[in-house]
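Subject: Structure for you to look at

Dear colleague,

Here is the structure I said I would pass on. My notes follow below it.

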Amino acid sequence: MSFSNKIKEIGAQAVQALWQQTVDLNDIHVNETKPEFDGEYTLVTFNLAKIARKKPAEIAEELGKHIVDTHSKVFTSYNVINGFLNLSLTDSLLLEFGKEKSLDTAVCNDNNTSGKIMVEFSSPNTNKPLHFGHLRNNFLGDSVSKIYKAYGYDVCKANLINDRGIHICKSMIAWQKEANNETPQSTNTKGDHFVGKYYVKFNDLYKAEMKELVDKGVSEKDAERQAPIFLEAQEMLRKWEAGDEETVSLWKKMNGWVYEGFESTYDRLGISFDRYYYESDTYLLGKKEVDEGLEKKVFFKKEDGSVWITIKEDPLDEKLVLRSDGTSVYITQDIGTAQLKFEQEQMQKSVYVIGDEQIYHMKVLKFILEKLGKEHAAGVHHLSYGMVELPHGKMKSREGTVVDADDMIDDMLAIAQKNTEELGKVDGFTPEELTQLYRTIGLGALKFYLLRVDPKKKMIFNPEESIDFHGFTGPFVQYTHARLSSILRKADDFSAEMDTALNIEERKMLTELEKFSSIIEQAAIEYSPALICNYVYHIAKSMNSFLNSQHILTAEADSKKALRIAIAKITKKTIAEGLSLLGIHAPERM
RNA sequence: GGUUCCAUAGCUCAGCUGGAUAGAGCAUCAGAUUUCUAAUCUGACGGUCACAGGUUCGAAUCCUGUUGGGAUCACCA
């Protein structure tokens, strides 16, 4: 149990003993003590005033005395300031923690909540390559998966490929019209970029046709629907759903190109999945669910044959679940996918990492699943995140105004290389190790940059300003890890009893390090890798400061040396494990 | 218009279920290296927490309203 929870329990027991009142653990407020006061943890007593019917200062005084008297192994002393009860932990408690965690095992192993969770993320469209915004999705999903695993869950990472629909047909049409049978191989282009090029091309053609119609006096809205190339795309979707051989084989060919491109990007990012779902498989399941829902009167059919659900009566809000021509829409396949997922994994929680522009869509999906009486509906959670925007506005693949993910990665690796070379830190590495190091640092900077911001906030990325390597960044944390590794290598296998009086710096480090597992718990509950970023940075910063004033290898006594080596070891492990929850590697040297 | 999210230092962001004098990084300025990795450390400068009310011992945090910005409300995905 974490120190903080332990103190809450002790506090509650003390209230019981002193005033014969039962308090909920949530009503015992325990904070970190502000640095200007003595102590590590502070118990807030204002809200206990009613229970104890005394002034806060008196409560704090009595509680402090009682707590320190009855738990002398945990607390050494207390002080009361303005009604705040500051408690100091005993050296022995901190030393015990230090001894236990400096053993050669993982630092975090005491979260063992059981349960199964599926995290769906990435979920790309097969008509365009990944851009910078998608990276946020991928990193978030990957990190949340890792956090839940550390939290004690059985995790299944899922990728739902949007491999069907009108947008795919658009790339196919443009390719048929313009490509003269050229392929990624013949043009030496990465498959996803190759196909993305034709998606952009379709929109160029589409726009030109629309303009022509508008010039003839057709309204813009009608022009959108009447443009011949748009009608062709619609026709192609019908053919595809009907199983037309030629269409399906073209579709397979072009999707194949895209998958190759995606795989290479995932590989570079160090991201993998346990299950892949394809909408081309699940949309039929969705139709089946819609049929069943019709029987159960959850849905209703309009005269033209389209199928709807009523979300709200007043004001009327209806949602289409099946088109009048019998083809499925986005939500149809989502209903099917949700069912398939649950049949396969029987998970309690199902997280969807999807941009916040789909909040309404996900609400509707959950609503429909509930109406259909699906037991897994309750576990559905939409982890939404804000758009990544450029200083000039949004990225739009249709218009080609995007920061491409592959280009971004290349840039980061180049910057990592440049910085390393400028600092003259390339000696002693083989060329292969250097390539690996640049990848570690470059990707570390990129992932940290995108994960450190609260997911629900939109973020602005200025491509003109490169991502920093100083301060609150991935490389800063990685550097601290490398620094500690270096010191620990020099420490060899030094061992000695570490029982010694702790100074304030040592107490501070150990107290901070102890919070790791509760940070993981909180990050899991809030689905927020940003909390891990903050914590891991905080630890790294404290450690660098610690190293500035506390000598490790030349400590004044063997016991001190042993203690500080232990602190260095725990910090190193905490950083490495924390970074790994973000999908970031911690280098031994950099 | 309905729904919903956001607004904190010049910039990018923390601030947990309300707690002590609102914190980091970047930028600017001034320092620290014969010493375990200076991709580091120490300090200075920088704030009407969008605005106005309310709740209470106590509000950046909760409630209401206002302003500004984003998203969404399709037989698109």
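Which side chain meets that of Lys190 in a salt bridge? The partner is Asp406, with an N to O distance of 2.8 Å. Please keep in mind that this is a predicted model.

Some context for that pair. The domain assignment divides chain A into domain 1 (3–88), domain 2 (164–269) and domain 3 (406–581). My notes deal with how domain 2 and domain 3 meet. Seven residues of domain 2 and seven residues of domain 3 take part in the contact. Between the C-alpha centres of domain 2 and domain 3 the distance is 45 Å.

On area, domain 2 and domain 3 bury about 580 Å² between them. Carbon and sulfur atoms give 40% of that buried area.

On polar interactions, the count between domain 2 and domain 3 comes to three salt bridges. Six residue pairs are found in polar contact across the interface of domain 2 and domain 3, where both residues of a pair have pLDDT 80 or more.

Next, the side of domain 2 that touches domain 3. Helix H8 (191–215) and helix H11 (245–269) supply at least two residues each to that side. H11 gives the most, with four residues. By residue class, this side of domain 2 has four charged, two polar and one nonpolar.

To return to the opening pair: Lys190 and Asp406 are joined through their side chains, and Asp406 is where the assigned range of domain 3 (406–581) begins.

Regards

Technical notes
Residues numbered from 1 in each chain as written. Chains lettered and ligands numbered in written order. Predicted model: local features only at pLDDT ≥ 70, side-chain atom pairs only at ≥ 80, totals over all residues. Heavy atoms only, no water. Domains from an automatic or database assignment. Contact = heavy atoms within 4.5 Å. Buried area = accessible area lost by both parts, 1.4 Å probe. Salt bridge = Lys/Arg side-chain N within 4 Å of Asp/Glu carboxyl O. Polar contact = N/O pair within 3.5 Å; in protein donor to acceptor, adjacent residues only side chain to side chain. Nonpolar A, V, L, I, M, F, W, Y, C, P; charged D, E, K, R; others polar.
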